[in-house]
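Work through the exercises below with the sequence and the model in view, and compare each attempt with the solution that follows it.

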Amino acid sequence: MQPSPLPTPPSRPARSWVQRLFGRWWRRQSPARQDRFATLGPLVSVLLFLAAIISTFWYLRNEEIEREQASVKRDAEVAQQQIRLRLIENQEQLVRIAREIVTRTIDQEDFLEQASSFTRERPEVTGMVWVDAHRTRRASYSATTFQAELGAAPDNSGAPRPPEPDAAFDTARELRQPVYSRPFNDRFDNAVFQVHVPLLDRSNFAGALVAEYSVEALVRYFVPAEVSNRHAITLLDANDRILASTVSNLPGNSSRKPQFVHEVPVAPAGNGLVLRGHGYRTSVGLIGNTLFWMVVALSVLTVWMLLGTWRHMRRRLQMQNALILETNFRRAMENSMLTGMRAMDLEGRITYVNPAFCAMTGFLEAELIGRRPPFPYWPPDRFEENNRLLQQELQGRSPAGGIEVRVMRKDGSVFDSRMYVSPLIDPKGQQTGWMTSMTNITEAKRIRDQLSASHERFTTVLEGLDAAVSVLSVQQAELLFANRSYRLWFGADAQGHALLAGGDPGPFRNSEFGDSIESLGGLPTTELTEAGSDSREVFIEPLRKWFDVRTRYLQWTDGRLAQMLIATDITARRNAESLAANQAEKAQVTSRLVTMGEMASSVAHELNQPLTAIANYCNGMVSRVKNDAIAKDDLIAALEKTSRQAQRAGQIIHRIRAFVKRSEPVRQPAQARQIVEDAVELAGIELRRRNVAIQVYVAQRLPVLMVDPILIEQVVLNLVKNAAEAIDNAQLPPARRNIELRVVPRHTPEEGGVIEFTVTDMGPGLKEDVLSRMYEAFFSTKTDGLGIGLSLCRSIIESHRGRIKAQNLYNGSSVSGCRFSFTLPVDTSRSEAEHPTKPATPQSSIAS
């Protein structure tokens with residue numbers, strides 16, 4: 001038999017000429033040199049890597065510097081362009097106003113109106129002045145103090161006058177073109193500069209229009225936010241003095257010197273103002289720190305890699321031995337303890353039981369491991385309850401104090417136990433299941449039964465309360481507790497709890513908690529029981545009683561979620577509140593009767609005029625008819641005049657009856673104009689008697705008010721009458737015996753769209769103590785007053801969701817009058833166009 005051929009060795013892949021050359025060179029080196037090269041090779045690679053990193057950072061540093069410099073330059077030029085465009089736009093508007101002044105299109109008052117509008121739209125302009133060729137002030141307006149002055153106004157501040165405005169005025173007079181002054185500090189020590197626009201009347205210098213700019217406002221409003229967020233922008237004068245900046249240093253801290261600076265002049269001012277942009281490097285010292293720490297880290301890394309492997313292996317062996325000891329210790333502890341331990345996975349499958357658990361239940365470990373619910377130690381009659389507790393445990397909603405369950409042994413006997421649940425966490429921090437400890441509490445329950453006597457004493461206290469107390473199980477809708485007052489009013493049925501809780505008095509489980517149980521199913525019991533109580537008032541129709549009901553959730557003695565309800569009878573209090581409301585309505589009628597009683601003599605005088613005219617007309621017609629000296633047309637004219645006087649007397653009586661008759665508030669669509677006209681018509685008698693004039697202004701196309709017109713008319717009448725009495729009692733001269741009534745629309749963030757009624761008089765005003773107490777009931781400054789007028793006015797306005805306020809008017813430090821104003825919300829679904837009235841123009845009624 002021939003021998004089998006020898007296996008051929010596997011062929012080696014062909015090496016390149018580079019590999020062959022390197023291998024031949026490596027084999028020629030001595031072992032010591034090979035070790036040296038093996039050590040130096042990685043070091044050279046690291047050094048080359050470090051050189052590449054340093055070169056890269058150096059290049060990035062230079063590129064960052066150039067990019068930051070370009071960014072500072074661009075932002076400074078953007079800020080310059082914004083300020084330049086604003087100055088040019090304002091200069092054009094000032095030239096237009098100057099042209100209107102020269103052509104006498106506007107006078108001094110028109111100039112003040114235009115200056116107010118100009119400065120209001122331009123926050124950077126602090127004031128405007130119109131001066132003539134001798135620099136005498138013709139008119140001026142200040143946007144900071146809102147003062148407008150006509151004619152020359154001497155400077156009484158005593159501060160030295162800066163020379164910059166004078167120089168700019170002289171330059172504008174010489175050049176005949178707008179000139180910007182150098183920056184200077186005004187009397188408030190704020191940096192400002194002025195622009196002088198010459199007034200050229202047929203090539204003759206007639207004065208100048210001067211506008212003053214706030215340097216700080218220019219920077220604040222016209223440096224874009226994206227620019228100020230990136231870089232600091234500063235305005236400086238010719239002496240490098242900082243006038244305004246987008247950043248502010250804390251007191252005592254000096255600003256860091258910027259690495260990048262770019263300056264541009266502020267055109268078209270050309271007055272030495274310079275806009276400077278500041279930039280800072282963000283990578284200072286990065287190259288040196290990086291190189292140093294990389295060298296240190298690479299040096300430490302070489303030593304650490306040698307020692308780390310040896311220490312790691314030794315630590316690994318120590319940890320393994322410690323783990324074995326810890327496992328044996330825990331196993332011995334679990335086997336020796338009397339508390340039963342059970343572990344489950346997230347699906348409810350039993351994965352571990354200790355010997356104590358097996359001893360308690362009588363089941364072997366093999367009979368429990370891997371079992372799913374229902375577990376063999378569950379009593380058959382408590383499957384549903386134990387399954388609910390298990391689901392609560394798997395969802396992590398078990399109470400911290402544990403839950404009480406009944407456990408059946410293998411021999412069929414049952415004992416009570418308390419179970420505590422905690423999550424099982426693996427080394428990665430993920431939950432893998434639940435660990436349950438179970439303790440036999442049969443003896444503890446016996447002790448708890450002994451405590452029932454003290455519970456009975458507590459129940460006795462609850463039985464003696466006048467309030468109804470009831471506790472209801474949320475899941476089973478079972479009435480767990482009801483005291484004597486509850487049983488007296490609602491019996492032993494849970495439907496009374498449903499009525500007090502606001503549910504349907506029908507089938508309790510389906511109507512009251514049908515959806516509530518589902519909505520509370522995912523919430524932890526502890527969070528529900530810690531929530532505050534809810535209080536509300538409920539009317540029970542069968543009992544004809546009002547109850548103040550307070551509810552809260554609690555955990556019952558057996559761990560179930562329950563709702564406790566306390567209902568207090570407040571029927572007497574509600575009746576008292578209703579009686580107080582009726583008294584308030586009667587107070588309204590009383591106020592109107594008091595007002596009409598005070599006006600009785602004036603009304604009698606007013607009725608006497610038409611009645612006297614009627615008598616005169618009748619006597620004249622009788623005498624002329626007897627003498628047969630009257631024609632038919634003259635007789636008809638006399639009869640028409642007599643009829644008009646009778647209608648006038650009837651209208652006076654009709655208005656008084658309508659004012660006094662109404663007592664029940666009825667809200668309806670009403671026009672502010674009609675309310676004001678009716679109130680002024682009633683007040684006219686009193687005003688003429690006291691020789692007080694009233695001016696009325698009602699804005700056009702006011703929205704419709706949804707109010708009781710008689711009540712609002714009563715408020716307007718009371719305010720007008722009070723103003724007339726204040727003027728007459730103060731015995732003011734005729735020039736100050738005026739009342740102004742204005743009705744205009746307003747829109748405020750708090751109230752939205754409203755209509756504002758304002759009554760302003762020129763009387764002596766109100767004292768400070770009266771202002772604080774004038775809305776108090778039965779407080780009055782009149783000797784014969786009842787003190788219910790303004791209190792009732794406030795109640796009427798607030799019942800219409802409006803506001804009323806009063807304030808004194810001052811002329812300097814002296815009081816020059818008083819102003820009462822109140823607002824009413826408008827009905828936006830209607831407009832005055834749907835209810836056309838007379839044209840809304842300012843009206844005036846002067847006392848005769």
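Two strands pair if DSSP finds at least two bridges between them, and strands (E, at least two residues) and helices (H or I, at least four) are DSSP runs numbered from the N terminus. The model is predicted, so to speak of local features a pLDDT of at least 70 is needed, side-chain atom pairs count only at pLDDT 80 or more, and totals for chains, interfaces and linings use all residues. Residues are numbered from 1 along each chain as its sequence is written, and side-chain values use heavy atoms, with hydrogens and water left out.

**Exercise 1.** Find the bridge partner of His 262 in strand 11, and place the pair in its sheet.

*Solution.* Begin with strand 10, which 6 bridges join to strand 11 (residues 274-279), the two running antiparallel. Within strand 11, His 262 has Gly 277 as its bridge partner. Then widen the view to the open sheet, where 4 strands follow the order 9-8-11-10 with antiparallel pairing. Its edge strands, each pairing on one side only, are strand 9 (242-245) and strand 10 (260-265).

**Exercise 2.** Decide whether Ser 473 is buried or exposed, and list its contacts beyond four places in sequence.

*Solution.* First locate Ser 473 in strand 17 (residues 468-473). Ser 473 counts as buried because its relative accessibility is 0%, where buried means under 20% relative accessible area, exposed over 50% and partly exposed in between (1.4 Å probe, protein chains only). Finally, leaving aside neighbours within four places in sequence, Ser 473 contacts (heavy atoms within 4.5 Å) Glu 478, Leu 480, Arg 560, Leu 561 and Ala 562.
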